[in-house]
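User: Please take a close look at one part of this model, namely how its strands are paired and what surrounds them. I would like one connected account that moves from the pairing to the packing of side chains.

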Amino acid sequence: MTVLKVRKLDGGAMLPQYAHEGDAGMDVFSNEDTVLGPGEHRMVRTGIAIELPPGAEAQVRPRSGLAAKHGVTVLNSPGTIDEGYRGEVCVILINHGKSAFH
C-alpha cells in the first residue's frame, strides 16, 4: 500500500479523503470562503501540501456533480501535481454556470 504524506499548512485545512469505499480518487477541500461569479475563474487554496512517492503523479479532476448542478469545473483539467512539488495544492476553478457559486 502506498502512503500519501499530507501536511496541513493551516490548522483549519481538511485532509483529503475518500467519499465512498472503492472510490478511485480522494476529495480535496477548499480552505477559503470564496464566491465564483458566472464566467469567473480563480485559484482556490486547499491549505495542504503533499509528498508523492517517487515516480508518482497526482491529478486534480472535476467533480461531475458540481459540473452538472452548477456548471463549475477545473479549468486546467486534469491539473497535474508532479512528484517533486511541495507547495500548497491549489485548484483552478471556473464557473460556466449562470449563477454565483459559493
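Analyst:
**The sheet and its surroundings**

Strand β1, residues 5–8, pairs with β2 through four bridges, and the sense of this pairing is antiparallel. The structure is a predicted model. Within the pairing of β1 and β2, V6 lies opposite I50 of β2.

Strand β2 also has β6 as a partner: six bridges connect these two strands, which run antiparallel. Two residue pairs can be located along this pairing. R45 stands opposite C90 of β6, and R42 has L93 of β6 as its bridge partner.

These pairings belong to an open sheet of four strands in the order β1-β2-β6-β4, with antiparallel pairing. Its edges are formed by β1 and β4, each of which pairs on one side only. On average, neighbouring strands of the sheet are turned by 45° against each other, with direction ignored. As a general point, side chains in a regular strand alternate between the two faces of the sheet.

The packing of side chains may be considered next. The largest nonpolar core comprises 15 residues, and I50, I81 and L93 have the most contacts inside it. Four elements each contribute two or more residues to this core: β2 (41–51), β3 (58–60), β4 (72–74) and β6 (88–95). Two of the residues with the most contacts in the core have already appeared in the bridges: I50 stands opposite V6, and L93 is the bridge partner of R42.

The surroundings of I50 can be listed in detail. Apart from its neighbours within four places in sequence, I50 is in contact with L4, K5, V6, A58, I81, Y85, R86 and V89. The list thus includes V6, the residue opposite I50 in the strand pairing, as well as I81, which is itself among the residues with the most contacts in the core.

The loop between β1 and β2 deserves a separate remark, for it is where D27 is placed. Since the threshold for a buried residue is under 20% relative accessible area, D27 is classed as buried because its value is 15%. The side chain of D27 makes a polar contact with the side chain of R63, at 3.2 Å. When neighbours within four places in sequence are set aside, the contacts of D27 are P16, Q17, A19 and R63.

Terms used: Residues numbered from 1 in each chain as written. Predicted model: local features only at pLDDT ≥ 70, side-chain atom pairs only at ≥ 80, totals over all residues. Heavy atoms only, no water. Core = buried A, V, L, I, M, F, W, Y, C linked by side-chain atoms within 4.5 Å. Buried < 20%, exposed > 50% of the residue type's maximum accessible area, 1.4 Å probe, protein only. Contact = heavy atoms within 4.5 Å. Pairing = 2+ DSSP bridges. Polar contact = N/O pair within 3.5 Å; in protein donor to acceptor, adjacent residues only side chain to side chain. Axes fitted to C-alpha atoms, helices over the stretch in contact; angles between N-to-C directions.
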